[in-house]
Amino acid sequence: MNAFWTNLLPVGVLAASFLTGLGILLLGEARARARVVVNLFGAALKLALVLWMGWLTYNGTLIEMRFSMVADLEFVLRADSLSFLFMGLSSALWLITSIYAIGYLGNGPNRARFFGFFSWCITAAVGVALAGNVITFFIFYEFLTLSTYPLVVHSGTENALKGGRTYLFYTMGGGALFFVGLIWLHVLAGPIDFAEPSVVAGLPAGLQPQLMIIFPLMIFGVGVKAALFPFHGWLPIAMVAPAPVSALLHAVAVVKAGAFGVARVVYHIFGLDVLSDFGLLTPLAVVASITIVYGSLRALTQDDLKRRLAYSTVSQVSYVILGVSVLGVTASAGGLVHLVHQGIMKITLFFCAGLLAETVHVKTVSGMAGLGRRMPWTMAAFTVGAFGMIGLPPIAGFISKWYLGLGALEAGQPWVVGVLVASTLLNAGYFLPILYTAWFTESVSDDAQALPASAREADGWMLYPTIITAVLSVLAGIAAGAGWSPLTLARAVAAGVYGL
Amino acid sequence: MSETLMPLAILLPFVGSLICFVSRHRVSVFTGCVTALLTAGTIGWLTYDVAIHGVQVYALGGWSAPLGIHLRVDGLALFMMIMSAIVGVAVTFYAVSYFGEHDAQEEKRGAELFWPIWMFLWASMNALYLSGDIFNIYVILEILGLAAVGLVALTGRRAVLVAGMRYLLAAMAGSLIYLLGVVLLYAAHGTVDIVLLGQAIEPGATAMAAMTVMTAGLLLKTAMFPLHFWLPPAHASATAPVSAILSALVVKASFYLILRLWFDVFHATITLEAGYVMGALGTGAILWGSIQALRQARVKMMIAYSTVAQLGYLFFVFPVSADHDAANAATWISIAGQGSLYQALAHALAKTSIFLSAGVLLHAAGSDHIDHMRGLAQRLPVTVFAMALAGVSLMGLPPSGGFVAKWMTVQAVLAAGQWWWAPVIIGGGLLAAGYIFRILRPAFSPADVQEALHPVPRSLELCALGMAILSIVIGLRATDLLDVLLIGAPFAIQAGGAL
Amino acid sequence: MSQYQFYSLAGMVLFALGLHALVILPHILRKILSINIMAGGVFLFLISIAARNFEDFPDPVPQAMLLTGVVVALSATAFAVALARRIYTVTGRSELDEEDRVP
Amino acid sequence: MTLNEWLLDGLIVFALIWLALKALYTRDLFKAVFLFIVFGLIMALAWVRLKAPDIALAEAAIGAGLTGVLLLDAARHFNRPRPTPHPAEK
Amino acid sequence: MDSTTECIKKPLSVLSALFAAVVCVFLAVALREIPDEPGGLTAAAAAEIPRSGVEHPVTAVLLNFRVYDTWLEVGVLLMAAMGMLLFQRRSDLRDIRLMPSPEPVLHWLVRLLFPMLVLVSGYLLWMGKFAAGGAFQAGVVLGSGGVLLWLAGHPSLTNFPGRLFRSLLIVGFLSFLLASIANMAFGQAILAFPPAYAGTIILILEAAATLSIAATVSALIIGLQPVVRDRDRAPIHVPSD
């Protein structure tokens, strides 16, 4: 394979989902069957290309595509190990979520618009992963904002529009903050490429005060999407979107893009050694911890199931940021792998929430009484997800918490372990009651028999994806040591970053 | 051969205009389209030619500079002509089906005269960009003003007539104030040729007076912030293709003149305070325009105020170029210039697309009030999508031309040490997001009442979509266009542009 | 203070008068009138520049510019008068309406 | 510049400014236009003084004559009670 | 900004008066620095006049050195005519025909004056080469003749069919255009008149310009008249004006 074709692979990956989206939008509302085929074919193609690219990078070929937009602005796509982590996650889950969404939306209105923008969001998310320099990252970062807006306001109801407005307000503000930091840094240090060693390290000491201002600007700019503490407000409000959107976007694509952005800023823009001697890493860890605890606390009191899951996401994503901000290979490996694990587990939970809302129209935690008997498979998947979130051993969540705790001890920051323990207790605090009401209480309305037989279990389109993701989260936990597991990949990334 | 390209770009639309004036409606529509394509082709050929041979000067009638008039084309003039050509062709094809649709007898008579006046306007714009003689520019400015007012008052309804009158008075006053500056310069230096003036000028009361007066006159014609009173009613009440022409092209012509005068003629007399005044005007325009846009109830009025705001971005090249004694000032002055010109291009494309889409809305729903936008996303998906894409470019979000322009302007402003302009530009982008989404939001909500929409010809929507996509594409690949812009170093700060 | 400076000053005064009247007077025709007076002022200044102490004939270029300027001013005035009359026929008002005034 | 030349120029400039002021600020529209026509003629005279006779002729013909006629006709049109406009115009 | 207009008037008028005064003083100061010696182009023009085909310097500048300005100026006039047609919703002047007037004096006056006006216009046109005069003065005189014809009810511009009327309007502008195209055909710079027969070309162009200026001037005056005014009968019909 000569270099020309391999360098076109990243463009191929992006084009796969972009053109699918375009095709779906052009197909229009009527042709549902053609749309399903195009969508699934696109998703499968994208996954295949990502895996092929993974295999090539594994064998050591460097894949990079450069394209100059303006004098010193270069559009660079590069497949490095960190990008595989996020890209693999989002393309795989896109395929699964598309199947789920086809079942979920049935024959609702505006499905063409939904699936079109859905594929464009994934293009943006994968673009964020593949970005080779800070400009390309910003381009896809803003493209993500734009392509998710129509999904958030998909249902068109009044509070959907209000949710959309808040979502825009936060993400646009975040984008503007990041842009200020980005351009300020560009003026000081010139174009910043993720591959070369951090340019910021070479800057004269006089610039330190300015760099100390630029770093929070960029972190909070990206932190808005990662739902860091002061800027997490939009995530629960954006739950107004349909279930597949909350599942893929607010659990995987958008939020992870924020966390991924924080990782890029810390590892590849500023570089760890610059940040550690500026003493900026510990404040970041503190903010992450506040978010973790705050998110879990708010989740305790939420009766609406999706809002509870949303607050849980707010706190879980900050694990990644915590891992990134704690010095040491194991801690950052734990953080990075949580990026994948949390994605799989959270998407299972959101799938179940969608299933419950669709089949038995249960939206609140209190309404879930006695569902265990009526919808055994859904509740089983939910239980697996919940246990994973809490961090029980066989499921993936445990692995990341274990590595995080271990890394924190190695780095000599015991208080991080305290935070982990507290959040685990809080996780248990808001997940176990749900399981208890679902499995062990009789449904208060004794018309259990009156429910139509079909309400027993959701239809295939929606149930199988949920089960697949549940199995995946267990698999990621058990087979963590395997060659292809997210953990080994995260470890390779962490090793690369620390230059071991 | 290259010698005849420059006058050809002026003669062709004039010929088209005369033919349209005397012939029947169908013939003039056909002539309009053919002339539009031919003119665009000529400008394309001229670009190719200038890219090879560099700056060209053409002595009209064979008489050399002080006595005769020179036509001069450099990167800056070419860039503006390319912009006019792209927007011109799109608007022409849009107008073919837009005016074809209007059956009311009253509209029909107005529509006949659209073609000759529009061709005349296009020819005078090309003449303005090519002209190297400031008195000649005065005459062309006058034609531009009259033609623009003629187009505004095309439909003859009450609103456009009053708006047209206000516009005409502002244009006439602006031209006269500009003429006063021309006379001052001629009195002081005995020539009206831009390049000769650039070499002869030296700081003094006359030069300062001339600069102030000419800039003031042109600011009035560019509808810069305090003097923008005539623009919103004129651009909002005019028909869609006309508002697109006005917002995208006519307003930019006088901005081009200010730029040409500041860099080529008055480069010796620019003071830092003058630069800061222009920057302050730009800031005022962005803030005032955006705030007013947020308050409007009609889509076209909102877009007109958005023009007032977006013009503000163009003005940050002046404060940056004012302190040209700093270390490597030349580099970031050139970047600032490219930023403001690219913003002009991106804004022209995006604004044309939004105005054309608003025309489709007006045509289909009968009114462009915000509430009538409910549920249009399902019924007019292409138009709403075009508006969204154009909105992305207006907001300056990454994949678009607007972003590249904002990037270069902010970078130049920060590098020049005048960091206080940067938050204005970025804040302006957020405000733009405010009013763009205010238009798009109702389009997503389901239409409660399914009143029948007037059928809209496909070509209207495609023109709007085409321009929107173009405004995004120029964001992806800017190097070629900017290389064209930099031919002849228009933003160089030594004595006048290279001849 | 030579003759041409005296007339140039007169031209400036006329220009300022016209500008002030244009802003103040509400009636459309009077606005057109004030623009003509402004034009008159500028042309007077232009022609006095040509008459600076000369040898055999005054500087022809400003005079040619002047002729062009006069004709341009005439056609602009004719255009404005046609528009003003149209406004009067349609709206019956000879002033530009206040409610159209725009912030 | 001999004394009487100064006198003549002074008179012309005074007349110009006086006529301009009167033309702009008189009550009656017709009178304003007439004053403007006289202003045009005096302007032509000024140009003759400034050694541009042919342009003075053009200014007299165009400035005073044509613009005057146009403004007079418009003034008359503005004084007539306006014909009922076409309803579509509203 | 939406306070009552009355209270706007007072401060606004004071403000603008102050502003006008400042402008005047500012310009007067700038005047002082203007050099006294004739820095203009007198010498340059004088040197080139023999090659310009006309003797009178102003006509030389107007129709040879800066002929591009004059051409665009005729363009402005054409634009004014287009504007008039647009605002009066007309494409020709056919429906403003006047009934022939009964007064003998007007008839006699027109029969005497019109040919004289044409003669004067021709003289002005011809004299342009040697002394004061030229296309614009001649055009205006001819135009006033056209208006006179219309006033007396004689067949005049209002009898011209639409297409001919509009062609008459553009003939001046078109002549310069054709001259330029001819120049380009021969590979010369546009609007360049070979010195040998520059005079005749200028005369032809001036004649065409005079024609269209006369048509425009009379159209601008006649076109603005209300439709079909008959001295005694009520207007026959009022199409949508």
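**Chains, domains and a helix pair**

Reader: How do you know that chain A and chain C do not touch?

Author: This is a predicted model, and the distances can be computed from its atoms. The nearest C-alpha atoms of chain A and chain C are 27 Å apart. A contact needs two C-beta atoms within 7 Å, so chain A and chain C do not touch.

Reader: And how do you know that no contact joins chain A and chain D?

Author: The same cut-off of 7 Å applies. For chain A and chain D, the closest C-alpha atoms lie 37 Å apart, and no contact joins the two chains.

Reader: Which chains share the most contacts?

Author: Chains B and E do, out of 7 pairs of chains in contact. Chain B brings 46 residues to this contact and chain E brings 46 residues. On chain B, the elements giving two or more residues are helix H1 (2–22), strand E1 (56–59), helix H4 (105–130), helix H5 (134–152), helix H6 (158–189) and helix H8 (205–221). H5(B) gives the most, with 9 residues.

Reader: How many residues of each class are on the side of chain B that touches chain E?

Author: There are 30 nonpolar, 12 polar and 4 charged residues. Chain B also meets chain A, with 26 residues of chain B in contact with 24 residues of chain A. Here the elements of chain B that give two or more residues are helix H17 (401–415), helix H18 (421–444) and helix H20 (479–485). By class, this side of chain B has 19 nonpolar, 5 polar and 2 charged residues.

Reader: Why are H11(B) and H12(B) called roughly antiparallel?

Author: Let's set the value against the cut-off. Helix H11 (residues 272–295) of chain B and helix H12 (residues 299–314) of chain B pack at an angle of about 160 degrees. Angles over 145 count as roughly antiparallel, so this pair earns the description. Their axes are 7 Å apart, and H11(B) passes H12(B) in a left-handed crossing.

Reader: What makes the contact between H11(B) and H12(B)?

Author: From H11(B), the residues include Gly282(B), Ala285(B), Ile286(B) and Gly289(B). From H12(B), they include Met302(B), Tyr305(B), Val308(B) and Leu311(B). By class, the residues of this contact divide into 9 nonpolar, 7 polar and no charged. Glycine counts as polar here, so Gly282(B) and Gly289(B) are placed in the polar class.

Reader: Back to chain A. Where do its domains begin and end?

Author: Domain 1 of chain A covers 1–278 and domain 2 covers 280–500. Taken over C-alpha atoms, 22 Å separate the centres of the two domains.

Reader: How many residues of domain 1 of chain A are in contact with domain 2 of chain A?

Author: The contact joins 42 residues of domain 1 of chain A with 45 residues of domain 2 of chain A. On the domain 1 side, H9(A) supplies the largest share, 15 residues. By class, that side has 35 nonpolar, 6 polar and 1 charged residues.

Reader: What makes up the secondary structure of chain D?

Author: Chain D comes to 3 helices and 0 strands, and from the N terminus on its elements run α-α-α. Of the 90 residues in chain D, 43% are buried. To count as buried, a residue needs 20 or more other C-beta atoms within 10 Å of its own.

Notes. Residues numbered from 1 in each chain as written. Chains lettered and ligands numbered in written order. Predicted model: local features only at pLDDT ≥ 70, side-chain atom pairs only at ≥ 80, totals over all residues. Domains from an automatic or database assignment. Helix = DSSP H or I, 4+ residues; strand = E, 2+ residues; numbered from the N terminus. Axes fitted to C-alpha atoms, helices over the stretch in contact; angles between N-to-C directions. Parallel < 35°, antiparallel > 145°, perpendicular 65-115°, else oblique. Left-handed = near helix turned anticlockwise from the far one by under 90°. Buried ≥ 20, exposed ≤ 12 C-beta atoms within 10 Å, placed from the backbone.
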